[in-house]
Amino acid sequence: MPWEPRLVGSTFDSSGRRHTAADLLGYAKATNIRVAVHASVERILLAPTSALSGSKQSAIGVVYRDRIGRYHHAMVRENGEVILSAGAIGTPQLLLLSGIGPRSYLSSWGIPVVHHLPYVGQFLYDNPRNGISIVSPIPLEHSLIQVVGITNLGAYIEAASNVIPFASPARSVFIRTPSSPLYLTVATLMEKIIGPLSSGSLQLASTDIKWHAQGWDVLRSRSMEEFKFREWFGGQDFRFVGPALPVNQSNDAQMAEFCHRTVSTIWHYHGGCIVGKVVDSDHQVLGIDALRVVDGSTFNVSPGTNPQATLMMLGRYIGIKITKERMR
Ligand SMILES: Cc1cc2nc3c(=O)[nH]c(=O)nc-3n(C[C@H](O)[C@H](O)[C@H](O)COP(=O)(O)OP(=O)(O)OC[C@H]3O[C@@H](n4cnc5c(N)ncnc54)[C@H](O)[C@@H]3O)c2cc1C
């Protein structure tokens, strides 16, 4: 758990409270686990697996830095292993900085190559999101985001409604503040496109573990920009909050232009260490012993509408597998 503010989402429970995987720590056997907080892992420590294994390397621990910059080592015990769960950006970053990745790319950064693994950081996907927000013509209850449909082409449709206080720009000048505020119901409909055709790759910005947020921040702020009260009376039947749908929605060119103009991320970026290319079906890093990846970087498809529950179950599935292997 590093100290830099990174973007981590959550899942809702039935009473609308959001949870992260960290909540599961409450169910852990406290005597069996040590959690280092404000710890940024900088490198995976590797050593030859055995004198007989040739150049094959094993993960033996990690080096991490604490909040005030002190370095620490966390070493695995006998038959233990290092499990990376640093996400679609953090995990390939850590592998690359530890010398596991495409040989020529590592060399271009002056990183000593421990193991040539050409697809580390490749096949990074980001599901596009398009959406509209409208002022609902009828009052709606406040509702958290929910799946409302899946189209034949595999797009997941989600909807939410918010009851928000509304201040007209004119009100403060011409109308005395009413005793009770005005409320509007804003309904948002958005789609997550499954399996985007294009993929990208992770490029290091430096050999430092520091978080370089430019790319995602730009994307995020651009998407929020779209949700300003801009085209208040746009469209025909709906009052859109943000960009209005094209008037002629059967015109493919206009619809495509709308999608291009309003596309943003749905924050479910994944890939970078996908199964079959960087890890095997047991999520072990190919060619390295005692090193596993258990997170969204292993996915080549972001499952369903929201991936977090599946990711937690992946953790459970691999955890049970490891326990069984150790008991053999
Ligand atoms: C704003 C936002 C909202 C979202 N909302 C939802 C939602 O409501 N429901 C849902 O299902 N999904 C949601 N998602 C998606 C979901 O959060 C992610 O898909 C999921 O968390 C990915 O899990 P992961 O384990 O791969 O990585 P992450 O959850 O990103 O976990 C990686 C962790 O590793 C840490 N880390 C990275 N590098 C290092 C390092 N070098 N040293 C130490 N620690 C490190 C990170 O800080 C992070 O805590 C949301 C995502 C975002 C960004």
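Modeller: In what follows, helices (H or I, at least four residues) and strands (E, at least two) are DSSP runs, numbered from the N terminus. This is a predicted model, in which local features need pLDDT of at least 70 and side-chain atom pairs count only at pLDDT 80 or more, while totals for chains, interfaces and linings use all residues. Residues are numbered from 1 along each chain as its sequence is written, and side-chain values use heavy atoms, with hydrogens and water left out.

Biologist: What share of the residues score at least 70 in pLDDT?

Modeller: The score is the predictor's confidence in each residue, from 0 to 100. Its average over the chain is 82. The share of residues at 70 or above is 83%.

Biologist: Over residues 212-236, how many contacts beyond near neighbours in sequence does the model have?

Modeller: Where pLDDT is low, the predicted coordinates should not be read in detail. Residues 1-9 have pLDDT below 50, with 24 contacts (heavy atoms within 4.5 Å) beyond near neighbours in sequence. Residues 212-236 are also below 50. For that second stretch, the number of such contacts is 46.

Biologist: How much of the chain is buried?

Modeller: A residue is called buried under 20% relative accessible area, exposed over 50%, and partly exposed in between, using a 1.4 Å probe and protein chains only. The chain has six helices and 18 strands. Of its 328 residues, the buried part is 36%.

Biologist: How far does α6 reach from its first C-alpha to its last?

Modeller: Helix α6 spans residues 308-327, 20 residues in total. The expected span is 1.5 Å times one less than the number of residues, which gives 28 Å here. The value in the model is close to that, at 29 Å.

Biologist: Why do the buried residues of α6 line one face, and within what arc do they fall?

Modeller: Q308, M312, L314, I318 and I322 are the buried residues of this helix. Directions are taken from the helix axis to the C-beta atoms. The buried residues line one face because, seen down the axis, they fall within an arc of 150°.

Biologist: Which exposed residues does the opposite face of α6 carry, turned away from its buried side?

Modeller: The buried residues of α6 have cover that includes β1 (11-12), β2 (18-19), β6 (82-84) and β18 (291-293). The face turned away from that buried side carries the exposed residues M313, R316, K324 and M327.

Biologist: Which element gives the most to the largest nonpolar core?

Modeller: A nonpolar core is a set of buried Ala, Val, Leu, Ile, Met, Phe, Trp, Tyr and Cys residues joined through side-chain atoms within 4.5 Å. The largest has 29 residues, and L84, L95, I100, V285 and L291 make the most contacts inside it. At least two residues each come from β3 (40-48), β4 (57-65), β6, α1 (87-97), α2 (103-108) and β18. The top contributor, with six residues, is α1.

Biologist: How many of the eleven residues of α1 are buried?

Modeller: Among the buried residues of α1 are A88, I89, G90 and L97. Helix α1 is largely enclosed by the rest of the structure, because the number of its eleven residues that are buried is ten.

Biologist: How much of residues 87-101 is helix?

Modeller: An unreviewed UniProt entry annotates 87-101 as "domain: Glucose-methanol-choline oxidoreductase N-terminal". UniProt positions are given in the numbering used here, feature names are shortened, and annotations may be inferred rather than shown by experiment. In the model, the end C-alpha atoms of this stretch are 16 Å apart and 13% of it is strand. The helix share is 73%.

Biologist: How far apart in space are L46 and L291, C-alpha to C-alpha?

Modeller: L46 is in strand β3 and touches residues including A59, I100 and I288. L291 is in contact with I44, A59, L95 and I100, among others. L46 and L291 are 245 residues apart in sequence, but their C-alpha distance is 9.6 Å.

Biologist: Is H283 buried or exposed?

Modeller: Most residues other than glycine have a negative phi. H283, in the loop between β16 (270-272) and β17 (288-289), has a positive phi near 70°. N79 also has a positive phi, about 65°, and is exposed at 67% relative accessible area. At 7% relative accessibility, H283 counts as buried.

Key: Lists of a residue's contacts leave out its neighbours within four places in sequence.
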